[in-house]
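Visitor: Could you take me on a close look at one part of this model, the place where the chains meet? I'd like to hear what goes into it and then see what surrounds it.

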2 protein chains.
Amino acid sequence: MKKKNLPTILITNDDGIRAPGIKHLWNAVKKMANIVIIAPSNEQSCVSLSLTIRHPLLIEKFDWPENTPTWSVNGTPADCIKLALNVILDNPPDLVISGINQGSNAGRNVLYSGTVAGVIEGIMHDVPGIAFSCYDYYDPSPNFSIVEKYIPLVINHVLEQPLPLGTFLNVNFPSINAPEIQGFKMTTQGKELWMEDPEERSHPSSKISYYWLGAKLLQCEEAEDSDIMWLRKGYITAVPIQVSDLTDHAQVLERRHEFNKLALS
Amino acid sequence: MKKKNLPTILITNDDGIRAPGIKHLWNAVKKMANIVIIAPSNEQSCVSLSLTIRHPLLIEKFDWPENTPTWSVNGTPADCIKLALNVILDNPPDLVISGINQGSNAGRNVLYSGTVAGVIEGIMHDVPGIAFSCYDYYDPSPNFSIVEKYIPLVINHVLEQPLPLGTFLNVNFPSINAPEIQGFKMTTQGKELWMEDPEERSHPSSKISYYWLGAKLLQCEEAEDSDIMWLRKGYITAVPIQVSDLTDHAQVLERRHEFNKLALS
């Protein structure tokens, strides 16, 4: 039953429709909006903005409490948003939210994350969005319920003062094992990222080597005013991330004169 | 046999190691550098910066003319670069080049492209890079040999005047069916992108619906000085793309005062 005067929010994630984080995201927002959930049927961590073009996609109805309209898609978060906007929904939502991701999407992890990619896909369709993740890289089951109450505050901020087209908000919660949450910080993107840490193994019968990419957190020199530094101090961080023009304009100005003269002999 | 005084260039792509484009890229650069090829064993179009974390990766030796050291990896372009830098190569290359992609990676396609992602993965490791693609979206087998001679000019430009860490060059060749190539343009990222165009089908026995994402080119209003506009006019375009700080700094300044006051009640 659609409630009038409330915004419509589309929820997705990359940990899959059965992951705990998406249940807590729904719980955080269900009273403030008409909710639709469209999420991957299986985990899609690190799939970035990957699209599924070589196998067909199935859209399946999925049971969710309180009759929340919910579907799963056997693809990526970006696939979910594409099918939501083209096939499942009659009208675009007012907002796409994604998460709550188990693990950091702060710093330079933005471009690898499937959680963030669901939001980027909305941005490519001019639908605003917010990604929510937990900077909790050693806890396999963070207590997401602690952060639920902060989510509507962030969403209302974005709904009341829309971001420009092409920009979304990337929100990370500090480690829930850290001291209590210190407050909100709007800040800039840090440098830290999940880096590969390949491990070689040997197949039991053929003895052929294979590799697991593995992961370790690459710590970098960070600006004081960056999401990484504020997260370490216990703050909830929000970084406005711009994805519609990635041009390094300073380099264009500096190089174009010489580059444009490259001979065509 | 490694040639002294020549740079080392690592070649990858997303169309897979058997695709025609990568052969032409190698042919274009083989005399100017020590070449190593490490590319996906199968096509990886639209995989973005996706990483393979749920199945193991195999590195296989692959035959290539003139004893060029070549391996295939059963993963994405980003996987290839990660294994190249961690497992296969003793030292990082001077440059990663990727392509030649069959199809446009101009405009906003940058974030979807596997071709570009191979270069971005190098950038995340502070290895400079250039992505090469053909803005030829209706020709399934463009005559890549026509563009080979322009590639060393672009590479020498980047080797002689390095880009800042965090920035790579995204190069697109104009349609080879267009009138002759007009010249080089260093320019800004346009808006055009491949947009989904889902098609519903019905399974032959179960009658269940499934969807192919499909693709159509979304044409947008473009700035005169953008890669899309110059490509349409027959120029080779190069856009310096910056991926290490995606912060929308203007929004941080405008919003932070109010956002940071959000109550923690």
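**Where the two chains meet**

Guide: Let's begin with the surface itself: 100% of the interface residues of chain B are interface residues in chain A as well, so the copies meet through the same surface. Keep in mind that this is a predicted model. The predictor's own scores for the complex are an ipTM of 0.96 and a pTM of 0.97. For chain A, mean pLDDT comes out at 94, with 97% of the residues at 70 or more.

Now for how the copies are arranged. Two copies of a chain are related by a rotation about an axis and a shift along it. Here, chain B superposes on chain A after a rotation of 180°, with 0.0 Å of shift along the axis and an RMSD of 0.0 Å. The two copies are thus related as by a two-fold rotation axis.

What does each side put in? Chain A gives 64 residues to the contact, and chain B gives 64 residues. On the chain B side, at least two residues each come from the helices α2 (77–88), α3 (114–124), α4 (151–160) and α6 (249–259), and likewise from the strands β8 (183–186), β11 (209–212) and β13 (235–242). The largest share of that side belongs to α6(B), with six residues. Sort the chain B side by chemistry and you get 37 nonpolar residues, 18 polar ones and nine charged ones.

Step away from the contact and there's the nonpolar core to look at. In soluble globular proteins, nonpolar side chains tend to be buried together. The largest nonpolar core in this model has 150 residues, and Ile130(A) and Ile130(B) are the ones with the most contacts inside it. Take the chain B copy: leaving aside residues up to four places away in sequence, Ile130(B) touches Leu95(B), Ile97(B), Val119(B), Val154(B), Ile155(B), Val158(B), Phe168(B), Leu169(B) and Val171(B).

Over in chain A, have a look at strand β2 (residues 34–40). Five of its seven residues are buried, so β2(A) is largely enclosed by the rest of the structure. Its partner is strand β1 (residues 8–12) of chain A, which runs parallel to β2(A) and is joined to it by four bridges. One spot to click on is Ile9(A), which stands opposite Ile35(A) in β2(A).

Finally, some backbone oddities. Most residues other than glycine have a negative phi, and most peptide bonds are trans. In chain A, Gly99(A) and Ile100(A) are joined by a cis peptide bond, with omega about -15°, and Ile100(A) is in strand β5 (residues 95–102). Chain B has a cis bond from Gly99(B) to Ile100(B), with omega near -10°; Ile100(B) is in strand β5 (residues 95–102) of chain B.

Then there are two positive phi angles worth a visit. Lys207(A) isn't a glycine, yet its phi is about 65°. Lys207(A) sits in the loop between β10 (199–202) and β11 (209–212) of chain A, and it counts as exposed because it has 7 C-beta neighbours inside 10 Å. Cys46(B), not a glycine either, also has a positive phi of about 65°. You'll find Cys46(B) in the loop between β2 (34–40) and β3 (59–61) of chain B. Cys46(B) is buried, with 24 other C-beta atoms within 10 Å.

Key:
Residues are numbered from 1 along each chain as its sequence is written. Chains are lettered from A and ligands numbered from 1 in the order in which they are written. This is a predicted model: local features need pLDDT of at least 70, side-chain atom pairs count only at pLDDT 80 or more; totals for chains, interfaces and linings use all residues. Copies are superposed by least squares on the C-alpha atoms of residues with pLDDT of at least 70 in both. Two residues are in contact if their C-beta atoms, placed from the backbone, lie within 7 Å. pLDDT is the predictor's confidence in each residue, from 0 to 100. A nonpolar core is a set of buried Ala, Val, Leu, Ile, Met, Phe, Trp, Tyr and Cys residues joined through C-beta atoms within 7 Å. A residue is buried if 20 or more other C-beta atoms lie within 10 Å of its own, exposed if 12 or fewer, and partly exposed in between; C-beta atoms are placed from the backbone. Ala, Val, Leu, Ile, Met, Phe, Trp, Tyr, Cys and Pro count as nonpolar, Asp, Glu, Lys and Arg as charged, and the others, Gly among them, as polar. Two strands pair if DSSP finds at least two bridges between them.
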